[in-house]
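Could you walk me through the packing in this model, residue by residue where it helps? A short report with the cut-offs spelled out would suit me well.

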Amino acid sequence: MNKRELGTSGLEVSSIGLGCMGMTFGYGAAADTGEAIKLIRAAAERGVTLFDSAEAYGEANEKLVGEALAPVRDQVVIATKFGFKDGNSAAGLDSRPERIRLVAEQSLQRMQTDRIDLFYQHRVDPAVPIEEVAGTVRELIQEGKVKHFGLSEAGADIIRRAHAVQPVTAVQSEYSMWWREPEQVILPTLEELGIGFVPFSPLGKGFLTGAIKEDTKFAENDIRNILPRFEDEARQANLALIALIGDIAEAKQATQAQVAIAWLLAQRPWITPIPGTTKLHRLEENIGADNVELTTQDLQRIESALSEVQIKGDRYTAQQQSTINR
């Protein structure tokens, strides 16, 4: 696996990380803990060094990440997040300094580690000045409990203000072939400030793999059931994008997922996507994107193809979008 530096922070990670959310949260029934641990260890054995968790994904998520990575703790980067009341994304935001400190202590205990390598604010809390948030994380860094500070779904102004207090190592946001909003302001801001970018949902919550069809049914507690972009009419319209990616993938002797991830890697040298999965063959497929080289002609062809498709449906519900600082 190739390595990348997140901005100019000095933090080096694998070019493709592993998002661990779906192992316990968001996409139907939680994976078997033993199988999830095996998968995380398999990722580490294959060169993945960035693993992403969060308090909001449930205690079980941080615990399994910590247990899985304990044998290789010094060879990997573990990221987790704070920012919700009682760790519940449905309960509202809470980034008060005392809450940040509590989450840090709980995360350290759950993950059986002495430091959090990358500690993100999960969502910007308008009730707490970002300077207080950054200052609290700075103190945790000084105490050795945290190594690097990150932000998730933050806007350019918040990024700049936070970075002025405590250098931000990485910003996390959704970014993929079918959600390119970060290109407008966020990526130029990060490039200017020397901050890395960690796209989540690089495969469009599974849609860009080609595995989701017009009639695909999701489990009852799968978040895609409520997302506008996955409604029947939108899904049918958006399948046009899958056909175009499929043509390009066939020409590159790669899968659609690999082309989608390789496209992200080609956008900037400081971008590290974190696709998630619970299946070993999907893990191997995803990290195989590191070996897919897209030429300038390939990228031009993809850009032309993407311009032909108008993606239908919002990515979030109105309530979910209200927590995005943009």
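Leaving aside its neighbours within four places in sequence, Asp 114 is in contact with Leu 108, Gly 144 and Lys 145, where contact means heavy atoms within 4.5 Å. Asp 114 sits in the loop between α3 and β6 (116-121); helices (H or I, at least four residues) and strands (E, at least two) are DSSP runs, numbered from the N terminus. Asp 114 counts as exposed because its relative accessible area is 53%. For that label, buried means under 20% relative accessible area, exposed over 50%, and partly exposed in between, with a 1.4 Å probe and protein chains only. One of its partners, Lys 145, is 31 residues away in sequence, yet the C-alpha atoms of the two are 6.4 Å apart in space.

A word on the ground rules. This is a predicted model, in which local features need pLDDT of at least 70 and side-chain atom pairs count only at pLDDT 80 or more, while totals for chains, interfaces and linings use all residues. Residues are numbered from 1 along each chain as its sequence is written, and side-chain values use heavy atoms, with hydrogens and water left out.

**A helix pair**

Two packed helices are described by the angle between their axes and the distance between the axes. Helix α3 (residues 97-110) packs with helix α4 (residues 130-142) at an angle of about 35 degrees, and their axes are 9 Å apart. Here axes are lines fitted to C-alpha atoms, for helices over the stretch in contact, and angles run from 0 to 180 degrees between N-to-C directions. The residues that meet are Pro 97, Ile 100, Arg 101 and Ala 104 from α3, and Glu 132, Val 133, Thr 136, Val 137, Glu 139 and Leu 140 from α4. By class, that contact has six nonpolar, one polar and three charged residues; Ala, Val, Leu, Ile, Met, Phe, Trp, Tyr, Cys and Pro count as nonpolar, Asp, Glu, Lys and Arg as charged, and the others, Gly among them, as polar.

**The nonpolar core**

Which residues have the most contacts inside the largest nonpolar core? They are Leu 18, Ile 40, Phe 51, Phe 119, Leu 151, Met 177 and Phe 197, in a core of 97 residues. Such a core is a set of buried Ala, Val, Leu, Ile, Met, Phe, Trp, Tyr and Cys residues joined through side-chain atoms within 4.5 Å. Helix α8 (residues 256-267) supplies the largest share of this core, eight residues.

Let's follow Met 177. Beyond its neighbours within four places in sequence, Met 177 is in contact with Leu 208, Ile 245, Val 259, Ala 260, Trp 263, Ile 302 and Leu 306. Ile 302 belongs to helix α10 (residues 296-307) and is buried, with a relative accessible area of 1%. With the same sequence neighbours set aside, the contacts of Ile 302 are Met 177, Ile 248, Val 259, Trp 263 and Leu 294. Ile 302 and Val 259 are 43 residues apart in sequence and 9.6 Å apart from C-alpha to C-alpha.

Ser 176 is in the loop between β8 (168-174) and α6 (186-193). Setting aside neighbours within four places in sequence, Ser 176 is in contact with Ser 201, Pro 202, Gly 204, Leu 208, Trp 263 and Leu 264.

Helix α9 (residues 280-287) has buried residues too: Leu 283, Glu 285, Asn 286 and Ile 287. They pack against β3 (18-19), α1 (33-45) and α8.

**Accessibility at a glance**

| Residue | Relative accessibility | Label |
|---|---|---|
| Ser 176 | 0% | buried |
| Ser 201 | 15% | buried |
| Ile 242 | 8% | buried |
| Gln 253 | 77% | exposed |
| Lys 38 | 55% | exposed |

Two of these residues also deserve a look at their backbone. Ser 201, in the loop between β9 (196-200) and α7 (232-252), has a positive phi of about 50 degrees although it is not a glycine. Gln 253, in the loop between α7 and α8, has a positive phi of about 55 degrees and is likewise not a glycine.

Ile 242 is in helix α7 and touches Phe 207, Leu 208, Gly 210 and Gln 256, not counting residues up to four places away in sequence. Lys 38 is found in helix α1.
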